[in-house]
Amino acid sequence: MVRTWVFAVVLATATSSSACVDLGGDGDQGHGQEQGQYEGQEHGVDDGTDHGGGDGGGDGGGEYQGEGEGDGEDDVVWPIANTAEPDADEVSSGFGPRDLSGDYDFHAGIDIKLPEGTPIRAIKAGTVEQVTLWDGQSSSGNRVLIDHGGGEKSAYLHLSSISAKLGEAVEPGTVIGRSGSTGANTSHLHLNYMLGLGGAGMDERLAHNPLELLPHAPMPTPVAYFEADRVVVEMVIQPNTVQSLILEGPGPDDVLSLDYADVFALGNPDRDEPVQFGIGLGVERPNPGYYELSLIPMAPAFSPERVRLYDFDGELLLDAHAE
Ligand SMILES: [Zn+2]
């Protein structure tokens, strides 16, 4: 089995990933059940929303990112650092496929590891739509949901305490509670970001990468290596902006594609199945700050010869060919 390292097309400038040394023991164990539980409760109230929406968020991300940088008045801040500096808080688990202690799932937000009791801040102006106290069972824990208007919402999970009041108007940086581990194994913030919500409550079928909103550096170029039955893509955990991918093999019909939006649209628990749209998915974290995403063409099965990755703005992140 020959592993060929391929350095491919670069659109993003490689930037330091030294800020993300956090690995392992994320403590988000049980996340899948967690999100299934509260997602299930809230599915019913979200009729009429656009579940297909793969692209609505991309453009917005660019705008917000631009606004957030440079001019003193920040429209968006990171929830702990309270600044619009790129990658100001350390992401321990990114958006999309991941593996925690051998337990694969499709993560509907980002995790930021924190000591218990750290102030958690609204990332953008809005209105506190829900304050959900932990029932002792749901693994979402104490949770705050903020409505930013226009179908855009953010949610903050696992809090130890909540200071936000239902209906309260918040600004970027307003403290809404403190970090904790309610519903989780370790203290961390799980941040959800959703676009296109048509009704009350939240719906992870409309999950978007919070980095569509939060200021971040360009994603360093992933590296792909090809094996007989798969291609393995090594990429950073932060900032990770991958949204879709295309695999191609030697035959004219050997083409498989996957968009994260389509996986989330399946809902929980189906999104956590490790085969999606004919592609087997696997995640390993052999190196701090990075993860390896295995992509296995299964229906149809073929030997991958080319892989392309795109971000949520539709920009090409990687175009790699087997040698
Ligand atoms: Zn999480």
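**Notebook: Ala164, the sheets and the shared core**

I began with Ala164, which is buried, since 21 other C-beta atoms lie within 10 Å and the cut-off for that class is 20 or more. I keep in mind throughout that this is a predicted model.

I then looked up where Ala164 sits, and found it in the loop between strand S10 (161-162) and strand S11 (169-170). Setting aside neighbours within four places in sequence, I listed the contacts of Ala164 as Val128, Val131, Val144, Val170, Ile176 and Gly177. For Gly177, which is 13 residues from Ala164 along the chain, I noted a C-alpha separation of 6.5 Å.

Two of those contacts, Val131 and Val144, led me to the strands. Strand S7 (residues 126-132) and strand S8 (residues 142-149) run antiparallel and are joined by 5 bridges, and within this pairing Val131 has Val144 in S8 as its bridge partner. I traced the wider arrangement as an open sheet of 7 strands with antiparallel pairing, in the order S2-S5-S13-S9-S8-S7-S11. Its edges are strand S2 (91-93) and S11, each of which pairs on one side only.

Next I turned to strand S20 (residues 290-297), where 6 of the 8 residues are buried, so that I describe the strand as mostly covered. I found S20 antiparallel to strand S15 (residues 231-236), with 6 bridges between them, and here Val233 stands opposite Leu293. Strand S19 (residues 279-284) also pairs with S20 in the antiparallel sense, over 6 bridges, and in this case Val283 is the residue opposite Leu293. I recorded S19 and S20 as a hairpin with 5 residues between the strands, and in the turn Gly289 has a positive phi of about 85°.

Which residues touch the most other members of the largest nonpolar core? Of its 68 residues, I found these to be Val144, Tyr156, Ile176, Val233, Leu295, Val307 and Leu309. The core lies between domain 1 (4-16 + 218-321) and domain 2 (31-212), because both give residues to it. As background I noted that nonpolar side chains tend to be buried together in soluble globular proteins.

Several residues from my earlier entries return in that list: Val144 and Ile176 are contacts of Ala164, while Val233 is the residue that I had found opposite Leu293 in S20. I closed with Leu309, and, again leaving aside neighbours within four places in sequence, I listed its contacts as Pro222, Val233, Val242, Leu245, Leu317 and Leu318.

Notes: Residues numbered from 1 in each chain as written. Predicted model: local features only at pLDDT ≥ 70, side-chain atom pairs only at ≥ 80, totals over all residues. Helix = DSSP H or I, 4+ residues; strand = E, 2+ residues; numbered from the N terminus. Buried ≥ 20, exposed ≤ 12 C-beta atoms within 10 Å, placed from the backbone. Contact = placed C-beta atoms within 7 Å. Pairing = 2+ DSSP bridges. Core = buried A, V, L, I, M, F, W, Y, C linked by C-beta atoms within 7 Å. Domains from an automatic or database assignment.
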